[in-house]
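Ready to practise reading a protein model? Work through the exercises below at your own pace, and try each one yourself before you look at the solution.

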Amino acid sequence: MEVKTSLLDNMIGVGDMVLLEPLSEDSFLENLKKRFEHNEIYTYIGSVVISMNPYRSLPIYTPEKVEEYRNRNFYELSPHIYALADEAYRSLRDQDKDQCILITGESGAGKTEASKLVMSYVAAVCGKGQEVNKVKEQLLQSNPVLEAFGNAKTVRNDNSSRFGKYMDIEFDFKGDPLGGVISNYLLEKSRVVKQPRGERNFHIFYQLLSGASDETLKKLKLDRDFSKYNYLSLDSASVSGVDDAANFRTVRNAMQIVGFMEDEVQSVLQLVAAVLKLGNIEFKPESRSNGLDESRVKDKNDLKEMCELLGIEQSVLERAFSYRTVEAKSEKVSTTLNVAQAYYARDALAKNLYSRLFSWLVTRINESIKAQAKTRHKVMGVLDIYGFEIFEDNSFEQFIINYCNEKLQQIFIELTLREEQEEYIREGIEWTNIEYFNNAVICDLIENNKNGILAMLDEECLRPGTVTDETFLDKLNMICAEHQHFESRLSKNSKFLTDHSLPHNCFRIQHYAGKVLYRAEGFVDKNNDLLYRDLSQAMYKANHGLIKQLFPEGSPAKINLKRPPTAGYQFKASVGTLMRNLQTKNPNYIRCIKPNDKKSPHIFTESLVCHQVRYLGLMENVRVRRAGYAFRQAYEPCLERYKMLCKKTWPHWKGPARKGVEVLMSDLKVPAEEYAYGRSKIFIRNPKTLFFLEERRRQCLQDLATLIQKIYRGWKCRRQFMLMKKSQVVVAAWYRRYAQQKKYKKIKHATTVMQSFARGWQARKLLRQLKHQKRCEEAATTIAAYWHGTQARTELRRLKQEVRNKRAVTVIWAFWQGTKARRELRQLKEAARNKHAVSVIWAGWQGTKARRELRRLKEEARRKHAVAVIWAYWQGLKVRREYRKFFRANAGKKIYNFTV
């Protein structure tokens, strides 16, 4: 296999977009397409890795590839995710710098697979040992568990992460993993109760029904038929290429490796089954005397089975679905719930139950994988979080997700610029400010504590009176109307008054990735995320240890009248904590792009890729890297690569590497403004200069190859000529000797052949005479033997026939006696049937006598037959003895007379 020694060797397209010339959006896309078509799915932008989803398995993740990229310089080999993982791991191990790997991209771009590849690479290159291997296995096996409970099939991705995950992997001073801590962000719990067309609920529901044993399903009171559960989407229940049953076994095994006890696994499965049962509970209206409708459970069978699973009194939960208790200071007011409110309460309970179960799973995994040692740890963070989402119908979830991506884009630009500036200062290069789009104004529009959208949403949720999505949108129109990144039909900007693509109940935000239209419907409810206190208290009363942990607010001892924080507030706080955490670490970026919406391995949709390139800000990233110097390289590898371009530095340079590079650049007459000398690196401003060096190097390598070939061929020809000249005399002498020996051997061989032919002719003549004589003697003996054999066989056949005839007579006689006896027996039986009981007994006695006589006659017949057989065999034996006796004496005539 050909081993590349540099990023620049044997490139397909351009391996680093910073070197792309000319730089434009079209050339950027063309380079990505060219590399994608040649299965080069990774491309650099400086230290940023662009990863294209290949939608198929490629042979580039083998153990040999891991060893190839291990302890190698980032730009030493062709672009690969292993190069970034190795760079981050070595920086953490050798330079004691905490690292974070930020993986971003839209759904279906391959973020989850990229995070798995990073973790598997780190696990492969770090230390070995029983304890270390156990920690690595637990860290890796946490992924299948979280994927089963947190991933689902969407229209864009068969294994889409519906939650954000940040994992801190902790290492000791040697670089061996000690443990980890997982943080999860905003599980899409609305998916539990409703899924868009063509999508599925979370994987675990389908895995449980497909892979659990019949005994387990019976204990959980479940049926394998998906159609029996209202919470499961039926139009895409099965996914091509996905074996839910096998995945369930994988999840069970992973939970065991991570450290879940068997009773904990059963408790988790009981809660999953309870969510399915909860979706089947339906309500009917029932009129009361005051004229109000009250909800009642229509069919109590599913409610009963759910209560049995969770150990809840059926009457307690049934009441919680029909009544709501509102507490204000010391007063309690109980109101009835109508059918719509009951369904809302049911779905809220299902979402909260699953969401809290997922959070408990993360906490339980953290307990198993956390580092046990109390010493200071080195940390590598891996962030796998939802990508920017623009759907036909965007709601509160997409708004929150896109806000998170805005923050990530902000920190990406800040940290990239800071990294560039720090490197310039470290190398002593003058830093010039770079103009770029700063999305802080968009982040401020969303998160401002006074006039931000989230703050106004919280204010609407908390204020008294009637609160609806319309009042929230009116408030946005009032406060944000003048903002340049906010649009709505009622904003003061008149150009939107005739914009029919913007409905009245929607607003639009100009994100860094493009404009997104949000439907205000559901914002208030989803932000409130209310669970009636009666349901919390009912859950706490359950005779189930895990349920009590999930609903601590239901305890009567912990009654808190304070309103819980909203979903938006919690997520904003989580994102703030995440950003502060990321800013303390050295960032490494993986930008994931999906080439098409059809999940096909050979389609590159330029419009789709262009859209992702824009909202990932990749062009701005290239411009930031090229604003100063497009390429930088340490002096030693630079001199080693280009030293053949100058006679003064070729083949060996004796002085410092920097001095050699200065001599080289001076000799090549590269303009001084095209490069700059740092303390440890040379900085090249324009990619054209680098390509000029590469072209000169390529020509020089061809000239050097020609020179080496010429010298080698001359040496080889001279050596061959001297060898041939020296060998000619020896060959001639040996040949003359060989020719005489060959001639003598030929004459000797001819004489021997002639002698052998004469002797052979005489011997064959004598042999023919002896053979003829022998055949004449043998002929008479053979004829006599055949004749004697014929006579003996004739006599033998006659004797055998005689024996057969005697045996036939005996058999016929026996059959005749039997027939007579049976006939007499039948007559006696017939007569006996007409007589009295005494006559019957007498007939039985006569029958017995007849059977005895029959047996006696049969025995007599058999004896006669035996005597005849023995006599026939004796006669044959006598004949054969006489035959052998006379044949041995060659008394042919006597045998003949005896036979006659």
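**Exercise 1. The annotated binding site**

Which residues does the UniProt annotation "binding site" cover?

*Solution.* Keep in mind that this is a predicted model.

Step 1. Look up the record: the unreviewed UniProt entry lists Gly105, Glu106, Ser107, Gly108, Ala109, Gly110, Lys111 and Thr112 under "binding site".

Step 2. Place two of these residues in the structure. Glycine 108 sits in the loop between β3 (99-104) and α4 (111-125), while lysine 111 belongs to helix α4.

Step 3. Decide whether they are buried or exposed. The cut-off for buried is under 20% relative accessible area. Glycine 108 is buried because its relative accessibility is 3%, and lysine 111 is buried because its value is 9%.

Step 4. Find their surroundings, leaving out residues up to four places away in sequence. Glycine 108 touches Asn53, Tyr55, Arg156, Asn157 and Lys594. Lysine 111 has contacts that include Asp384, Ile385, Tyr386, Gly387 and Cys592.

Step 5. Zoom in on the lysine side chain: one of its polar atoms lies 3.2 Å from the backbone oxygen of glycine 105.

**Exercise 2. A buried lysine**

Find the side chain of opposite charge nearest to lysine 165, and work out what the distance tells you about a salt bridge.

*Solution.*

Step 1. Locate the residue: lysine 165 is in strand β6 (residues 164-171).

Step 2. Check the distance. Aspartate 384 has the nearest side chain of opposite charge, 5.1 Å away.

Step 3. Apply the rule. A salt bridge needs a side-chain nitrogen of Lys or Arg within 4 Å of a carboxyl oxygen of Asp or Glu, so lysine 165 is buried yet has no salt bridge.

Step 4. Look for another polar partner. The side chains of lysine 165 and asparagine 143 make a polar contact at 2.6 Å.

Step 5. Complete the picture. Besides Asn143, the contacts of lysine 165 beyond four places in sequence include Leu146, Ile182, Ser183, Val382, Leu383 and Asp384.

**Exercise 3. Salt bridges between buried partners**

How many salt bridges does the structure hold? Once you have the count, examine a few of the pairs.

*Solution.*

Step 1. The count is 48 salt bridges.

Step 2. Start with arginine 191 and glutamate 188, whose closest N and O atoms are 3.1 Å apart. Arginine 191 is buried at 3% relative accessible area, and glutamate 188 is buried at 14%.

Step 3. Widen the view: Arg162, Glu188, Arg191 and Glu199 are linked in a network of salt bridges.

Step 4. Turn to arginine 200, which pairs with aspartate 244 at 3.2 Å between the closest N and O atoms. Arginine 200 lies in the loop between β7 (177-185) and α6 (203-211), and aspartate 244 in helix α8 (residues 244-258), so this pair ties together parts that are 44 residues apart in sequence. Arginine 200 has 0% relative accessibility and counts as buried; aspartate 244 is buried too, at 8%.

Step 5. Finish with arginine 508 and glutamate 487, whose side chains meet in a salt bridge (3.0 Å, N to O). Arginine 508 is in strand β14 (residues 506-511) and glutamate 487 in strand β13 (residues 486-488), so the pair ties together parts that are 21 residues apart in sequence. Both arginine 508 and glutamate 487 are buried.

**Exercise 4. Cysteines and disulfides**

Why is there no bond between the sulfur of cysteine 461 and the closest cysteine sulfur?

*Solution.*

Step 1. Recall the cut-off: a disulfide needs two cysteine sulfur atoms within 2.5 Å.

Step 2. Compare. The closest cysteine sulfur to that of cysteine 461 belongs to cysteine 480 and is 15 Å away, so it is too far for a bond.

Step 3. Repeat for cysteine 700. Its closest cysteine sulfur, in cysteine 646, is 10 Å away, again too far for a bond.

Step 4. Add the accessibility: cysteine 461 is buried at 6%, and cysteine 700 is buried at 14%.

Step 5. State the count by this rule: zero disulfides.

**Exercise 5. Apart along the chain**

Is aspartate 94 buried or exposed?

*Solution.*

Step 1. Find aspartate 94 in helix α3 (residues 81-95).

Step 2. Its relative accessible area is 51%, so aspartate 94 is exposed.

Step 3. Now compare chain and space: aspartate 94 and phenylalanine 173 are 79 residues apart along the chain, and their C-alpha atoms are separated by 8.9 Å.

Note on methods: Residues are numbered from 1 along each chain as its sequence is written. This is a predicted model: local features need pLDDT of at least 70, side-chain atom pairs count only at pLDDT 80 or more; totals for chains, interfaces and linings use all residues. Side-chain values use heavy atoms; hydrogens and water are left out. Helices (H or I, at least four residues) and strands (E, at least two) are DSSP runs, numbered from the N terminus. Buried means under 20% relative accessible area, exposed over 50%, partly exposed in between (1.4 Å probe, protein chains only). Lys and Arg count as positive and Asp and Glu as negative; His and the chain ends are not counted. A polar contact is a pair of N or O atoms within 3.5 Å; within protein, one must be able to donate a hydrogen and the other to accept it, and residues adjacent in sequence count only if both atoms are side-chain atoms. Contact means heavy atoms within 4.5 Å. UniProt positions are given in the numbering used here, feature names are shortened, and annotations may be inferred rather than shown by experiment.
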